[in-house]
Amino acid sequence: MRTSKYLLSTLKENPVEAAIASHRLMLRAGLIRQIASGIYTWLPTGKRVLAKVEAIVREEMDGIGSLEIAMPMVQPAELWQESGRYSKYGPELCRLKDRKKNEFVLGPTHEEVVTDIARREIKSSRQLPLCVYQIQNKFRDEIRPRFGIMRSREFVMKDAYSFHLDQQSLEQTYQDMYDAYSRIFTRLGLVFRPVAADNGAIGGNKSHEFQALADAGEDIIAWSDGSDYAANIEMAEALPPTGERPAPGAAYSKAATPGCHSVDEAAQKLEMPSEQVLKSLVVRGEATEDDRYPLIMLCLRGNQELNEVKAGKIPGVSNPVEFATEEEIIDFTGATPGSLGPVNFPGRILVDHNAALMGNFACGANETGYHFINVNWDRDVPKYEVLDLRNVEDGDPSPDGKGTLHLRKGIEVGQVFMLGTKYSESMQAVVMDEKGQDRPLVMGCYGIGVTRAIAAVIEQNHDERGIIWPEAIAPFKVAIIAIKYHSSQAVRETADKLYEELQQRGVEVLFDDRDERPGVMFADMELIGIPHLVTIGDKSLKDGHIEYKLRRSGVKEELDAGRAADEIIAKLSSAQ
C-alpha cells in the first residue's frame, strides 16, 4: 500500500484527552477516532490490526471445534426478563423501545439469546457437547468511559457458549477453552497470567480471568512466589493472622474528634497510628418483605481496605454491596459517617480477621464528633462475627500455604466461566437424557475483549517514539521509506522494484512515497510501529546499499540493494 493512496492519519502532538499510553498512541498513529463518549471509529491502520487479532481468535476457536455464528446486537427485553437480569444488570444495560413500543436492549453479552437458540435447536443429548462463538460489537453504557478502547461503551468481543449434559463434559470444554485462550494471548505477544476470578453479573460457580500485566491496568492480581497460585484481588483469600489479641487495659472512654470524617483524620487527632483505629462501614442488608433494608456494620483495621466482592457473598448482605446513605445511618445510629463504631451498634456486626485481633483500639462512638479509645472485643462488643473482609496486601501469606503474595496491576483481556444451569433453568432450556428425562443444559461462557487486547498489547509494547507491534498483528510487516522519491530516479526505480517484489511474495508493505522531509517519514513509520523499516536514499544507493532497521531493537544494518527482497524475506522468516 502506497501512502499516497492511504489514509495515514498520524498526529504530531499528544491528544490532551489521552491519559494512558495505548489511548495516546492509538490516536496519534491514526488507529481510532472518537465520535462520541466511549464510541470509536476504527480507521484503516487500526482495522488491519483488528482483523489480524480476530483471525488469530477465530483460528483457535475453530481449532477446538467451536462453531461460528452471528447473533443480533439488539435483543428482545423479554429474554432478559426470563433470565432475571433485566432488572438486576443495572444502568450499563442500554434499554430502548421500537416504534411499536416493544422493549429491547443493546447486548452487552449474549447468554440469553444463545440459551434461547439452544432450547429451540438442541433436540437430543446426542447433539452435545456443543460450542458456538461469535466476534461481534457489544454495548455497555459505562458511567465513565475512559482510557480509550480500554474502557469504552462500544467494543468488539469474542464470546463463546458451550452446552453439555453434565458437569464432567463442561469441565473438559472449560479446560480446552482455557488452553486455547493461553495460545491466543501468547500469539498476540502478551505477557499475561490466568487468575481465579469472581463470576460477577454473568453468574456461575467457577471463573478464571486472563490478565495482561501492565501498570495501566485497572485490576489488581495477587500471585504467589512459592507456587502457581494467582487470583484477582477480589477473590484472593486473606488468611487469619497468627498471634493473640492484646489483653484489655483500662475501660474505654470518650474523646472529642470534631471535624474528623476519616480514619486518618481521627488517628491524627487521637495521636495514634491508623492501624490502631477501627474502620467502621455501614452497608445495607438484603431487603425484607416490607422493602426495608437492615443495616450491617463491617469493621476492618484502619489501614486496610474492604473487599466488596467478599462482603457481597456473605449471607444477608446486599449483593452487590450497597453502602447505607447518610440519612439511613443517622436514622439508625444517631451519628454521621466518620463517627461510627461497634460499641452499642444496634445491628449486625461483621469483623475482619485482622481487626478481630485488635485490642485497646479506637473507634467511632456513634455520636457525631466523638470517638471511643481503649475499646476491646468481647468486653465492650460482646456480639459479632469474624470473617474475611479485606483485600490481601503485598507480603501476605499465599492462601495455598506456599510462599508470599505479591500484587501487580493487570488488564483483563479474557475470562472463562462455568455457568452451570443458571440460564438453562430460568429459561427452561432442557434436553432429554438417555433415560427419557428432561435435564437442564449445563453451560459454559467464554469471552475475549478483542479491542481491549489491542490496547493491552500497546501498553506492553511501546517506547518514546511510538508503538512496537508484535509480528503477528502488525498492520504492515515492512515499511519502505523512499527519500526524495519524486526527484531521484535511482531512489524511485529501486523503491518501486522492491515494493513490487515484496508484494508479489505476499509481504504486507506500507510504501512511503510522500514528498515529505525524511524526519517526518521516519517519525510516522516508527509511530505506527511497523516491525521492519527499510530506507532508500541516494547516498546509500551510490554504495549499492539500502538501510534496514528492526523497530523493536533499533539495530540498523546495510542490505545489498540488488538482493534486498531476499534478505528482507529471510529476516521476516526468522522473526516469526
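## D433 and its loop

Leave out the neighbours within four places in sequence, and D433 is in contact with S125, L165 and R439. This is a predicted model, and it puts D433 in the loop between strand 21 (430–432) and strand 22 (438–440). Loop or not, D433 counts as buried, because its relative accessibility is 8% and the cut-off for buried is under 20%.

The side chain of D433 also has a polar partner in the backbone: one of its polar atoms lies 2.9 Å from the backbone nitrogen of K435.

## V442 and its distant partners

V442 is found in strand 23 (residues 442–449). With 9% relative accessibility, V442 counts as buried too. Setting aside neighbours within four places in sequence, the residues in contact with V442 are S162, F163, H164, L165, D166, Q167, L170, G420 and T421.

Q167 is a nice example from that list: it sits 275 residues from V442 along the chain, yet the two C-alpha atoms are separated by 6.7 Å. L165 turns up here as a contact of V442, and L165 is also in contact with D433.

## Strand 28 and the strands beside it

Strand 28 (residues 532–536) is mostly covered, with 5 of its 5 residues buried. H532, V534 and I536 point one way, L533 and T535 point the other way, and the residues on both sides are buried.

What does strand 28 pair with? One partner is strand 26 (residues 478–482), in the parallel sense and over 5 bridges; here V478 stands opposite H532. Another is strand 29 (residues 545–550), which runs antiparallel to strand 28 and is joined to it by 4 bridges. In that pairing, L533 has K549 as its bridge partner.

## A three-stranded open sheet

Elsewhere, 3 strands make an open sheet in the order 13-18-17, with antiparallel pairing. Strand 13 (253–256) and strand 17 (361–364) stand at the edges with a single partner strand each, so one side of each has no neighbour in the sheet. Ignoring direction, neighbouring strands of this sheet are turned by 35 degrees against each other on average.

Strand 13 and strand 18 (residues 370–375) are joined by 4 bridges and run antiparallel, and S253 has I373 of strand 18 as its bridge partner. Helix 7 (residues 263–270) lies across strand 13, strand 17 and strand 18, and runs at about 70 degrees to strand 18.

## Strands 14 and 15

Strand 14 (residues 278–284) is mostly covered, with 6 of its 7 residues buried. Its pairing with strand 15 (residues 295–301) is antiparallel and uses 7 bridges. V283, for one, has I296 in strand 15 as its bridge partner.

## Where helix 1 meets helix 12

How do helix 1 (residues 21–28) and helix 12 (residues 450–460) cross? Their axes come within 8 Å, at roughly 100 degrees. The two helices are therefore roughly perpendicular to each other.

On the helix 1 side, A21, S22, L25 and M26 make the contact, and on the helix 12 side I454, A455, I458 and E459 do. By type, the residues of this contact divide into 6 nonpolar, 1 polar and 1 charged.

Technical notes. Residues numbered from 1 in each chain as written. Predicted model: local features only at pLDDT ≥ 70, side-chain atom pairs only at ≥ 80, totals over all residues. Heavy atoms only, no water. Buried < 20%, exposed > 50% of the residue type's maximum accessible area, 1.4 Å probe, protein only. Pairing = 2+ DSSP bridges. Axes fitted to C-alpha atoms, helices over the stretch in contact; angles between N-to-C directions. Contact = heavy atoms within 4.5 Å. Polar contact = N/O pair within 3.5 Å; in protein donor to acceptor, adjacent residues only side chain to side chain. Parallel < 35°, antiparallel > 145°, perpendicular 65-115°, else oblique. Nonpolar A, V, L, I, M, F, W, Y, C, P; charged D, E, K, R; others polar.
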